[in-house]
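Please read the following account alongside the sequence and the coordinates, moving from the parts of one chain to the way the chains come together.

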There are 2 protein chains.
Amino acid sequence: MTGQVRTVDGRVAGRRGQETRQKLLDCLSEMLSSSPYRDVKVIDVARKAGTSPATFYQYFPDVEGAVLELAEQTAAESGGLAELLEGRSWAGKSAWQTAQELVDGFLEFWRKNDAILRVVDLGAAEGDKRFYKIRMKVLNSVNNSLADSVAALQAKGRIDKDVNPAAIAGSLVTMLAAAASHQKGFSSWGVKQAELKPSLALLVHLGVTGKKPAK
Amino acid sequence: MTGQVRTVDGRVAGRRGQETRQKLLDCLSEMLSSSPYRDVKVIDVARKAGTSPATFYQYFPDVEGAVLELAEQTAAESGGLAELLEGRSWAGKSAWQTAQELVDGFLEFWRKNDAILRVVDLGAAEGDKRFYKIRMKVLNSVNNSLADSVAALQAKGRIDKDVNPAAIAGSLVTMLAAAASHQKGFSSWGVKQAELKPSLALLVHLGVTGKKPAK
DNA sequence: CGGTAAGCTGACGACATGACAGGACAAGTG
DNA sequence: CACTTGTCCTGTCATGTCGTCAGCTTACCG
C-alpha cells in the first residue's frame, strides 16, 4: 500500500531513518496543536525532535510537505467515520439515534485531529488542490452516505425532487466540520457543547429526512 | 468614532501618513487574495506599496496586526448583513423568500471579503480571542436575528422546547460561513453554485421554522 | 525663513532557510 | 578482526527576512 518511504534525495529509508522521520512528524503534530500554523518553524520542530534542521530537510521538502504527510495519515484514519452510518436507518425513531451518533462520532474525530484538520481546512479554502483532495477524502464517506440516503427518500417523494442530494449532504457535512472547528466560538454565544450537539443532530435529521425527529 | 490613528511609537498620523498606512493595508489585502497567508511577508507588502519595510513597522507591529486592522474594517462593513433579515417574516411563503435572500446576501458578502475572512476564521479556530471576537462581530447580527425567530416560533410551540435557539442559529450561521469558504470544494463533489444555494436555503428554512418551505 | 514634528529609509544584528560535503554508525564480507 | 558499503546525521555557509534605530527629508506654521 504505502510505497517505500524515500528521502528527498531519492534514497530509501531504513529502520532508523523511518523512526527519525516519524518522530519529526509527531513533533510537528504537537507543535501544530500548541502554536499557530504560521509560526511553526523547521528549526523548532527539529529541536523538539532532538535533531537538526538539516535532518528535517532530508525527509521533507519543507513544513508544508510534512503537513501534507500528516494530513494523509489522518485521512487514512478517517475510515472510521464511515462506520457511523453503515447499515443505519433514517426511518422513524432510529433516524434520531442515527443523527445523534453521527454528530457525536464526527465531533469526536474532529476533536482528536483538531490541529491538522484546521490546517487542511485552511489550505483547501485557499484553493490548494492537494489540501482539498485530502479534505474530500476525509469527508467523502459520510458525504456519500448522506447523499444516498437523501436520494432514497427523494425517490419515495418525501423530499422535493429538485434539490440536489449531494448539495444537501455537502452542506450538512460542511456544517459539522465547521461547528467542530469553532466550538469555542459557540461558547461566546452562550452555547455549551451539550446544547450544540442536539441542535446539530436536529439539523442533520431535518436535512436528511425533511421532517422533525420522532423521539 | 475612530480614535486618532497613531503610529507604533505613539505619534499621531497626518494626512500623508494615513495615506501610506491605507495603501499598505490595500496591498496587504491584495496579497492575501493571491497567496497563502503563511507566505505573506512584510517585505513584499512594502515593496508592492512602493515603500520600505521600516515604514510598514511604523504603522503596524507586524503582519498580524495589520490583518487585525483589515478584519476590523470588514467587520464594520458587515452591518449590511443585518438588513438581510430586518423586518422579514418566517411565516408561510415569505419564509422561503427570506431564507433565499439571506443565503444570497450572505454568500455575496463572503465572496467579496473572502481573503480576510479566511484568515479570521483560521485565527478564531486556533483560539485567538482577538480573531473570534471579530468573527462574532461579523456573524452576530444574523445570528441574533435567527435566534430570535427560532425562539418566537418555539414560544408558539412549533419547535421542540428543549433545543437552544442560539445553538440552532449558530449552527446555521456557521454552516453558511463554511459553505461560502469552501465553494470550490463543493464543485469537486459535482455540486454547482446554483445548486448549492437552494440547498442552503432549504436547510436554513428547516432549521428556523421546523418544516418544509411552502413555495 | 527658521523651528518643529511627521514621514521615510539605509543599514544592521539576529535568525530561519535550504544546500552540501563529510563524519558517525550499523551491517555485511573475506 | 579489519575493511567496505551504504544509511544516517550534522556543521557550516550563502541567502534572505525580521524588526530596530539613528538620521535624513518633507510639510506645516508663526
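Domain bounds, as used here, come from an automatic or database domain assignment. On that basis chain A of this predicted model is divided into domain 1, covering 1-61, and domain 2, covering 73-209. The centres of these two domains of chain A, taken over C-alpha atoms, are separated by 31 Å.

How many residues of each domain of chain A take part in the contact between them? Domain 1 of chain A brings 5 residues, which are in contact with 6 residues of domain 2 of chain A, and the area buried between the two domains is about 400 Å², with carbon and sulfur atoms giving 66% of it. The side of domain 1 of chain A that touches domain 2 of chain A consists of 3 nonpolar and 2 polar residues, with no charged ones. Between these domains of chain A the count of salt bridges is 0, and the rule likewise finds 0 residue pairs in polar contact across their interface, where both residues must be at pLDDT 80 or more.

From the single chain we can turn to the pair. The size of an interface is often given as the accessible area lost when the parts come together. Between chain B and chain A that buried area is about 4,700 Å², of which carbon and sulfur atoms give 64%, and the contact takes 51 residues from each of chain B and chain A. Arg38(B), His182(B) and Trp189(B) supply 17% of the area that chain B buries against chain A, more than any other three residues.

Several helices of chain B, namely α6 (92-125), α7 (129-155), α8 (165-181), α9 (183-188) and α10 (193-209), each supply at least two residues of the side that touches chain A; the largest share, 11 residues, comes from α8(B). By class, this side of chain B has 26 nonpolar, 13 polar and 12 charged residues. The count of salt bridges between chain B and chain A is nevertheless 0, while the rule finds 14 residue pairs in polar contact across their interface, both residues being at pLDDT 80 or more.

It remains to ask how the copies are arranged. A rotation of 180 degrees, with 0.0 Å of shift along its axis, superposes chain B on chain A with an RMSD of 0.1 Å, and that is the relation of a two-fold axis. In chain B, the C-alpha nearest the axis belongs to Met175(B), 2.1 Å from it. Because 100% of the interface residues of chain B are also interface residues in chain A, the copies meet through the same surface.

Terms used: Residues numbered from 1 in each chain as written. Chains lettered and ligands numbered in written order. Predicted model: local features only at pLDDT ≥ 70, side-chain atom pairs only at ≥ 80, totals over all residues. Heavy atoms only, no water. Least-squares fit on C-alpha atoms with pLDDT ≥ 70 in both. Contact = heavy atoms within 4.5 Å. Buried area = accessible area lost by both parts, 1.4 Å probe. Salt bridge = Lys/Arg side-chain N within 4 Å of Asp/Glu carboxyl O. Polar contact = N/O pair within 3.5 Å; in protein donor to acceptor, adjacent residues only side chain to side chain. Nonpolar A, V, L, I, M, F, W, Y, C, P; charged D, E, K, R; others polar. Helix = DSSP H or I, 4+ residues; strand = E, 2+ residues; numbered from the N terminus.
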